[in-house]
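Got your viewer ready? Let's walk through this one together, one selection at a time.

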Amino acid sequence: MTQGYTHHGEYKVVGGKLVVVDLVVADGKIAVASLNGDFFLEPDEALVDLNEALVGLPENVEHSVVRDAVAAGLREGAVMFGFDADAVARVVRRALGHATSWADHRWEVIGPETMPIIENVALDEVLARQVASGERGPSLRIWDWNDSGVVIGSFQSVRNEVDAQAAAEHGIQVIRRISGGGAMFMEAGNCITYSLYLPSSLVDGMSFADSYPFLDAWVMEALATVGVKAHYKPLNDIATDSGKIGGAAQKRLAGGVVLHHVTMSYDIDAEKMLQVLRIGREKISDKGIASAVKRVDPLKSQSRLGREEIISAMIDTFTRRYDASTGAVDAATREAARQLAASKFATEAWTARVP
């Protein structure tokens with residue numbers, strides 16, 4: 001921290017620049033502010049505007065108040081490159097202790113453990129609530145499963161998404177998760193799925209659109225190490241130059257916790273998927289992709305690696321980047337997931353709540 005200042009914060013804009021702020025707080029208000037970083041700002045004098053916009057704001061100031069003060073305080077014609085008013089608000093909130101960074105938390109990585117898909121879905125809710133209650137620290141969990149299922153989003157219609165007869169013929173269960181987003185077609189080994197359980201302070205002031213690439217930046221790095229050059233495509237798609245390889249979904253729960261999860265295609269039987277997913281047929285036909293395509297395997301074909309090797313690279317990247325330790329799911333937590341799967345996720349009342 002710069003000498004004389006009482007509060008310091010840093011924020012690296014996803015795809016942008018580093019924004020740093022040093023503050024003096026006195027009598028519950030920001031008394032002095034020094035915004036700095038490797039961003040670009042024109043004209044130079046606009047930096048004075050930014051600093052003056054922060055002075056006088058209360059120590060418990062909300063993100064939106066900082067953002068609006070910055071936007072209103074900039075002189076006419078000023079231009080911010082590599083950062084914006086939201087980034088300034090985020091770094092100020094970090095400096096004041098209301099928002100956090102990855103480094104502020106002790107992360108755990110829970111490696112893959114084979115269990116039914118419905119228990120993976122239930123375990124997401126159990127672990128998220130443990131993080132909210134303080135029983136568990138922020139965590140990354142890699143899924144694994146040995147059965148087949150279609151995991152639909154919280155607000156999707158069962159009849160509009162799934163061909164019930166085809167699903168029954170293929171022995172594919174329909175499971176509704178607690179987050180929004182689209183359907184996940186899951187068979188053993190056909191995709192890679194992970195979940196993040198994190199305090200909402202990490203995405204303080206972020207829209208869903210901003211938080212997706214922020215939370216998955218480490219995945220882009222991990223994929224690059226195995227030869228897959230991926231990028232985010234708004235709102236929640238992960239793609240390469242060859243097309244979509246996966247999608248993210250998120251649920252912000254009461255208690256200040258966020259559940260964020262991603263499924264990426266490794267080696268999917270597209271023919272079977274199109275028999276089971278109604279919306280999938282429409283999406284494929286709209287893009288003019290012939291039904292002769294037998295497999296959807298972007299991670300397999302682009303990396304030339306086994307699924308376990310890609311998962312290992314992901315765990316290694318997350319562990320190194322966030323200094324994470326190895327975590328586990330204890331017997332009591334597994335049992336809680338089994339009970340929740342039976343009492344909620346396996347019930348018709350939940351699955352068909354949007355018929």
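This tour goes from aromatic rings to charges over rings, then to a helix and a pocket. Keep in mind along the way that the model is predicted.

**Stop 1: the aromatic pairs.** The count of aromatic pairs comes to twelve. Start by selecting tryptophan 107 and phenylalanine 318, which form an edge-to-face pair with 5.8 Å centre to centre and 85 degrees between the planes. This pair links distant parts of the chain: tryptophan 107 lies in the loop between α3 (85–95) and β6 (108–110), while phenylalanine 318 belongs to helix α12 (residues 307–322), 211 residues apart. Are tryptophan 107 and phenylalanine 318 buried or exposed? Both residues are buried.

Now keep tryptophan 107 and add tyrosine 322. How is this pair of rings, tryptophan 107 and tyrosine 322, arranged? The ring centres are 6.5 Å apart and the planes are at 40 degrees, so the pair counts as tilted. Tyrosine 322 is in helix α12, and the two residues are 215 residues apart, so this pair too links distant parts of the chain. Tryptophan 107 has a relative accessible area of 1% and tyrosine 322 one of 10%; the cut-off for buried is under 20%, so both qualify.

**Stop 2: the cluster.** Widen the selection to Tyr11, Trp102, Trp107, Tyr194, Phe214, Trp218, Phe318 and Tyr322, which ring pairs link into a cluster.

**Stop 3: charges over rings.** Select arginine 252 and phenylalanine 208: the charged end of the arginine sits over the ring, 4.3 Å from its centre. Then move to arginine 307, whose charged end sits over the ring of tryptophan 145 at 5.2 Å from the ring centre.

**Stop 4: helix α8.** Go to residues 217–225, which make up helix α8. Which of its residues are buried? They are Trp218, Val219, Met220, Ala222 and Leu223, and Trp218 is also a member of the ring cluster. Just after α8, have a look at the backbone of glycine 227, which takes a positive phi of about 90 degrees.

**Stop 5: the second largest pocket.** Finish with the second largest pocket, with its volume of about 260 Å³. Its lining has 14 residues, and to find its centre you can select Lys12, Arg94, Trp102, Phe214 and Arg321, which lie nearest to it. Trp102 and Phe214 are familiar from the ring cluster. Both β1 (7–12) and α12 supply at least two lining residues each, and the largest share, three residues, comes from β1. Coloured by class, the lining shows eight nonpolar, two polar and four charged residues.

Key: Residues numbered from 1 in each chain as written. Predicted model: local features only at pLDDT ≥ 70, side-chain atom pairs only at ≥ 80, totals over all residues. Heavy atoms only, no water. Phe/Tyr/Trp six-rings, centres within 6.5 Å; stacked < 30°, edge-to-face > 60°. Helix = DSSP H or I, 4+ residues; strand = E, 2+ residues; numbered from the N terminus. Buried < 20%, exposed > 50% of the residue type's maximum accessible area, 1.4 Å probe, protein only. Lys NZ or Arg CZ within 6 Å of the ring centre and 35° of its normal. 1 Å grid on protein atoms, 1.4 Å probe; cavity = no way out; pocket = protein on both sides within 12 Å on 5 of 7 lines; lining within 4 Å. Points joined across faces, edges and corners; volume = space filled by probe spheres on them. Nonpolar A, V, L, I, M, F, W, Y, C, P; charged D, E, K, R; others polar.
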